Amino acid sequence: MGMTGMKYAVGLVLAVMVAWTTQSFAADITLAPPTDVTVEDVPNDVGTQMLVKWKASLDELNDASGARALEGYAIFRIVAQTGDGLESIGEQAANASEIGFPANFEFGNIQPIGSVSYGRTEFVDENVEAGTSYLYAVAATGPGDTFSPLAVAGMAVTAQMEYFNEGKFWFLIIMLTISSVIIGFVWYAKRGGEIKVRPIAGLEAVSEAVGRATEMGKPVLFVPGILDINDIQTVAGITVLANVAKTAAQYDAQLKVPTARSLVMTTARETVEAAYLGEGRPDAYNEDNIYYLTDEQFGYTAGVQGVMVREQPAACFYMGAFYAESLILAETANSIGAIQVAGTAMPSQLPFFVAACDYTLIGEEFFAASAYLSNDPEQLGSLKGQDIGKIIAAGLLVVGCTLATLAVTIDTWRGGRIAKLYIEDNILGDEGLVPNEDKVRVIDADIAAELESLSQQPHGGGGDS
Amino acid sequence: MSQIDPEQIKVILATDCGSTTTKAILIEYIDGEYRQTQRGEAPTTVEKPFANVTAGVLNSVSEIGELAGRRLVDDDGHIISPATDSEGCDIYISTSSAGGGLQMMVAGVIAEMTAASAKRAALGAGSIVMDVIAANDGRRPHDQIQRIRDLRPDMILISGGTDGGTTDKVVQIAELVAPAKPQPRFGSSYEMPIIYAGNKEARDAISSVFNEEGFDLQIVDNLRPVLERENLGPARDKIHDIFLEHVMAQAPGYEQLMDWTGAPIMPTPGAVGDILQTVARLQGINVVGVDIGGATTDVFSVFDETFNRTVSANLGMSYSISNVCAEATMPNVLRWVPFDMDERELRNHVKNKMIRPTTIPQTREALMFEQAVAREALRLAYKQHKEFATTLKGVQQQRTVGDTFSQQTGGMTIVDNMKLNLLVASGGVLSHAPRMHQTAMLLIDAFEPEGVTMLAKDSIFMMPHLGVLASVHPKAAEQVFERDCLVYLGTCVCAKGTPKPGKICFKYELSGDCTESGEIGGGELKLIEMGMDDRATITLTPARGIDLGAGPGKKLEREVRGGTVGLILDGRGRPLVLPEDRAACQKTVQGWLDSLDVYAEEKEPVAV
């Protein structure tokens, strides 16, 4: 067969397929359409969502035999008006009032923007543009790509962007409260007020560890974790390194910093150099003691282990992000009799550090190190303010859990159930300040029904006797 | 000095040559036990015109001889030894703090580690530590050299580095001392004794640094061979040896005195420390002793057989009284006074006391004020002591996962008032208070003992004599300490915690020589009469959160003894908190003083 014959055969196959597809879309429409399609702009968003609602098709409602003909609903949309002017994909675009779905709407020509299964009567279109008007239609779908006639919404609706999300009002209140507390404490600290931060053993032990190394005539080893400088734990580790370097300069101890990232090495060098300069010991600074080993996790671990075994440091600091190497490093340093101080926010590695090291900064302590070491009023005030925020959050958590538990246990207690609803929907959810009246009514009805059923139950009377 | 068989010692003569007074006591073996029988005192004669310490010694000994009807000094002016039935003594021993005592400078690599250990060794040996030089003391080398040059210590103790540890830093410290060429206090031909107790690998280097005229280098074992352990004994012994061989030998008359003594002369505070250690060891108890003087306050403690001594150089009741008021602040002093006082008048009183140290209070108000100052001086001295008496720093810690939220650093204080069994007071303001109740109240307010604690005072400041005696005859020293040295004031039972005013703090029930039961309310003090020889078993049931020694809220049963004051039950809680409001504070303090009958109306202050 020549090329002409081949082309003919392919053309024939395509023609058959198109004919079959058209046939399927144009299948006999026996499904009843949904009714009362309404569309509204979703409030408190940036104008990217529309909520489409409808009443279920009669075919869904009337089905009693279990052989359901209706599978779901398909939602269609056309742009009625863009923000810039009139635009339509409808056939008649002479004016806005004539824009709409054509009477002979071909289901095969326009893909639905979404579909839902039967039982659901609403759909959120999350792919609209703010300022654009849309007209929606819904069709019931059945087996074999059959559709009911389109049920078109009464009017086009424009997606609106709101500057304030009223549903997140509680978020604003909490944020303002915590911010006020932080600002208040910063102000208080700046005016000379005393802000007490509890002693952090791991940071207090820095001088002890460096002192030990000095007395024993051995170096101090600082490991800044295995992640890069863009990780917050590495940054916190470098803050502690500044303090360790300062103490090492005071005591004239040798400080060694092997790194796993080149940028960390550069940062560490600058930090240590600044610390030595600050202590008036630029002569004691040796940049060769801060060096890069490798990016590879276990290559780096092996390298640091080698340093430990060969140079026998008397003090080891692990400050940064650590993974599986944490215990390997800590156990090696323990075996050479070094004082070890660790600090990380990796929850999975903390138990290893606590068990194997002399002192461990856990999570928040590690991040508080900067404020603790610098004694800077702004940082201390911020730290204290954040603590208050955490206390507020913990208090709300306790109150919320208590109320939720009581509301579930005592289901006729209206106050408890409404409080639970309020916490869930308003404080933690998106309902804003005012509780949803519909849901309150549902609760009231539920409680009334519960009380009614209780009143109809026969009284126990204290037993047979 | 020949070794004497302790069993042959029946008559003991002991003197303590203080800066102003030489005190002598006679101890005799009577009815199967050693008792202190006589005491005498005479002015110390180190200064001109006598310029011979033995003159004062002989004067005080002669006084004893007359009182005891025993001839102790022969016609040639020598102490008669050995003893017969009517004359002489079997052994003569002495301590000395004349001429300012033993003054030392210590040095180490790290201030909190080897330098702290060196300071402990020096203080424990009874010296006054003039300064501590360390690599991290924040001073520049030229400042350190200037400081060493300005000081005129009797000797210098250098430590630093563990065995096998740093050599460079220790040599650097030595190289600060050598060019400074510190001059000793006594004698122009005297070579400055240097005790080296550091890294053994640095000995050669240290020897070469001090290999020049003017230094007498003595090398002893490292006082911190590893950071986990202190080895203070060799350094302390060497300090004692040098004190005798060099320092005492330079002081007028001491060479002769050393010939008379049957045991090495000890620095007075060192001897006090020794007797407290001996008693603590023999009785298995924890002891705190305090000696408050005019210029300084010494605090000694023995907790779990670990001895510590501190000298608070600027806390005293005459020369240093102004500093006490400045450091404690006047409001803190006045909180112990239950009436209004004119602050201007008080300041005049303080300055008068400073320039006329021998004056004594003439009115009840003046006595109360002076004792208020004493409370603050003792409180501050004890606070300094707690900060110094710590566990070792730079030591590895062993942890478990359970320690996640309760990690503690090294260097925590070992002074635990709940574990304290005996609190001993000495020094004029405590020993010579008009009423023993005042001494007891001063001790309780200043030291804030917790749980069950015995209170005692050194009757005639006999502890230094007994300290030396303990080195030759520990049994005799302990017997005299127990029977004659200490005047037991009684026992105090103090609640730790925050009792609520008006609510029950603890219940008590006494059985034995004294039978009584009752309740102590929050903020309440109560005195129960118990004689010197009375013993009783007390059963204590504390309220929730209150600890009397067995843990918060836990019942406790203990043996208690009486004394010249009795049994004091203290429900004020610990730490002791006084009301901020002046009127409320006065009322509260007055209530406490009335409870213990501290300033009884019929007892006017008497000369001390």
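Guide: A salt bridge is a side-chain nitrogen of Lys or Arg within 4 Å of a carboxyl oxygen of Asp or Glu. This is a predicted model, in which local features need pLDDT of at least 70, side-chain atom pairs count only at pLDDT 80 or more, and totals for chains, interfaces and linings use all residues. Residues are numbered from 1 along each chain as its sequence is written, chains are lettered from A and ligands numbered from 1 in written order, and side-chain values use heavy atoms, without hydrogens and water.

Visitor: How many residues apart are R77(A) and D125(A)?

Guide: R77(A) and D125(A) form a salt bridge whose closest N and O atoms are 2.7 Å apart. The pair links distant parts of the chain, with R77(A) in strand β3 (residues 72–81) and D125(A) in strand β5 (residues 122–125) of chain A. Strands are DSSP runs of E with at least two residues, numbered from the N terminus. The separation of the pair along the chain is 48 residues.

Visitor: Is D125(A) buried or exposed?

Guide: Buried means under 20% relative accessible area, exposed over 50%, partly exposed in between (1.4 Å probe, protein chains only). The relative accessible area of D125(A) is 4%, so this residue is buried.

Visitor: How many salt bridges does a search of the whole structure find?

Guide: D131(B) and R139(B) make one of them, with their closest N and O atoms 3.0 Å apart. D131(B) is buried because its relative accessibility is 14%, while R139(B), at 27%, is partly exposed. In chain B, R375(B), D445(B), D570(B), R572(B) and R574(B) are joined in a network of salt bridges. Over all chains, the search gives 45.

Visitor: Which residue forms a salt bridge with D16(B)?

Guide: D16(B) is buried, because its relative accessibility is 1%. The closest N and O atoms of its salt bridge are 4.0 Å apart. The partner also counts as buried, at 17% relative accessibility. That partner is K23(B).

Visitor: What is the length of the polar contact between the side chains of T95(B) and D16(B)?

Guide: T95(B) sits in strand β4 (residues 91–96) of chain B, and its relative accessibility of 0% is why this residue counts as buried. Beyond neighbours within four places in sequence, T95(B) has contacts (heavy atoms within 4.5 Å) that include T15(B), D16(B), I265(B) and P464(B). A polar contact is a pair of N or O atoms within 3.5 Å; within protein, one must be able to donate a hydrogen and the other to accept it, and residues adjacent in sequence count only if both atoms are side-chain atoms. For the side chains of T95(B) and D16(B), the value is 2.5 Å.

Visitor: Which residue has the backbone nitrogen that the side chain of D59(A) reaches?

Guide: D59(A) belongs to helix α2 (residues 58–62) of chain A and counts as partly exposed because its relative accessibility is 25%. Leaving aside neighbours within four places in sequence, D59(A) touches T30(A), L31(A), A32(A) and L70(A). At 2.6 Å, its side chain reaches the backbone nitrogen of A32(A).

Visitor: How many residues of helix α12 (residues 364–388) of chain B are buried?

Guide: Helices are DSSP runs of H or I with at least four residues, and the expected span is 1.5 Å times one less than the number of residues. The end C-alpha atoms of α12(B) are 36 Å apart, which agrees with the 36 Å expected for 25 residues. The helix is mostly covered, and its buried residues number 19.

Visitor: Which helices of chain A do the buried residues of α11(A) pack against?

Guide: Helix α11 (residues 377–409) of chain A has 33 residues and reaches 48 Å from its first C-alpha to its last. Among its buried residues are L380(A), L383(A), G400(A) and A407(A). The buried residues pack against α3 (169–190), α10 (364–374) and α12 (414–427) of chain A.

Visitor: What area is buried between chain B and chain A?

Guide: At this interface, 32 residues of chain B are in contact with 27 residues of chain A. In chain B, Q396(B), R399(B) and Q407(B) lose the most area to chain A, together 25% of what that side buries. Buried area is the accessible area (1.4 Å probe) that two parts lose on being put together, summed over both. Carbon and sulfur atoms give 52% of the total, which is about 2,200 Å².

Visitor: Which residue of chain A forms a salt bridge with E228(B)?

Guide: The count between chain B and chain A is one salt bridge. Its closest N and O atoms are 2.9 Å apart, and E228(B) pairs there with R212(A).
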